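Visitor: I should like to understand the reasoning behind the terms applied to this model. Please show the structure before we begin.

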Amino acid sequence: MKSFSEMLTVNETILSLSLRKNKIDDDCAIILFAALEKNKKVVNLNLRTNTIGHRGAEAIGNFLKVNDTLERLNIGSNSISDNGIKAICKGLKVNKILAILFILKNKIGNRGGIAIGDMLKTNTSLVLILMSENTIGYE
């Protein structure tokens, strides 16, 4: 992932990137999102069906705070729990670009659902969130 991410820091042609069903874990996500902070072209990123957990979600949240390019993010079917989605929501509270977020099939429960609801009070860019097959209930 390190050499691939280094390419992303200088590449000016890739607009859409799918890394679905790879072995991207927290460490890989940290490296990837650090590189994406320098990339100003990728507008669509698919990381579905990997093993991103809390530390990777923190990297995503930090990236989203400074992102001015990425419009669609698919992080469905990972291992993101309530604490992970809280970190992502912190970034989304200030993000003005991301329009589509797929977070289905993670480990998001009631506390994560509350964080999402709170984030949506201030986020002005999201138009679609797909969050099916989590464990959000009535609270």
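Guide: The following exchange takes up a helix pair, an aromatic pair and a cavity in this predicted model.

Visitor: Why is helix 3 called roughly parallel to helix 4?

Guide: The axes of helix 3 (residues 54-66) and helix 4 (residues 82-94) cross at roughly 5 degrees and come within 7 Å. Angles under 35 degrees count as roughly parallel, and therefore helix 3 is roughly parallel to helix 4.

Visitor: Which residues of helix 3 meet helix 4, and what is their character?

Guide: His54, Ala57, Glu58, Ile60, Gly61, Leu64 and Lys65 in helix 3 face partners that include Ala87, Ile88, Leu92 and Val94 in helix 4. The residues of this contact comprise 7 nonpolar, 5 polar and 3 charged.

Visitor: What makes phenylalanine 33 and phenylalanine 63 an aromatic pair, and why is the pair called tilted?

Guide: Their ring centres lie 5.3 Å apart, and rings pair if their centres lie within 6.5 Å. The planes make an angle of 55 degrees; since stacked requires under 30 degrees and edge-to-face over 60, the pair is tilted. The count comes to 1 aromatic pair. This pair links distant parts of the chain, with phenylalanine 33 in helix 2 (residues 26-36) and phenylalanine 63 in helix 3, 30 residues apart.

Visitor: How many cavities of 30 Å³ or more are counted, and what lines the largest?

Guide: The count comes to 1 cavity of 30 Å³ or more, and the largest cavity has a volume of about 40 Å³. Its lining consists of Leu36, Asn39, Val42, Phe63, Asn67, Thr69 and Leu70, which divide into 4 nonpolar, 3 polar and no charged residues.

Key
Residues are numbered from 1 along each chain as its sequence is written. This is a predicted model: local features need pLDDT of at least 70, side-chain atom pairs count only at pLDDT 80 or more; totals for chains, interfaces and linings use all residues. Side-chain values use heavy atoms; hydrogens and water are left out. Axes are lines fitted to C-alpha atoms, for helices over the stretch in contact, and angles run from 0 to 180 degrees between N-to-C directions. Helices (H or I, at least four residues) and strands (E, at least two) are DSSP runs, numbered from the N terminus. Angles under 35 degrees count as roughly parallel, over 145 as roughly antiparallel, 65 to 115 as roughly perpendicular and the rest as oblique. Contact means heavy atoms within 4.5 Å. Ala, Val, Leu, Ile, Met, Phe, Trp, Tyr, Cys and Pro count as nonpolar, Asp, Glu, Lys and Arg as charged, and the others, Gly among them, as polar. On a 1 Å grid over the protein atoms alone, a cavity is a set of points where a 1.4 Å probe fits but cannot get out, and a pocket is an open set with protein on both sides within 12 Å along at least five of seven lines; lining residues have an atom within 4 Å of a point. Grid points are joined across faces, edges and corners, and a volume is the space filled by probe spheres set on the points. Rings of Phe, Tyr and Trp (its six-membered ring) pair if their centres lie within 6.5 Å; planes under 30 degrees apart count as stacked, over 60 as edge-to-face and the rest as tilted.
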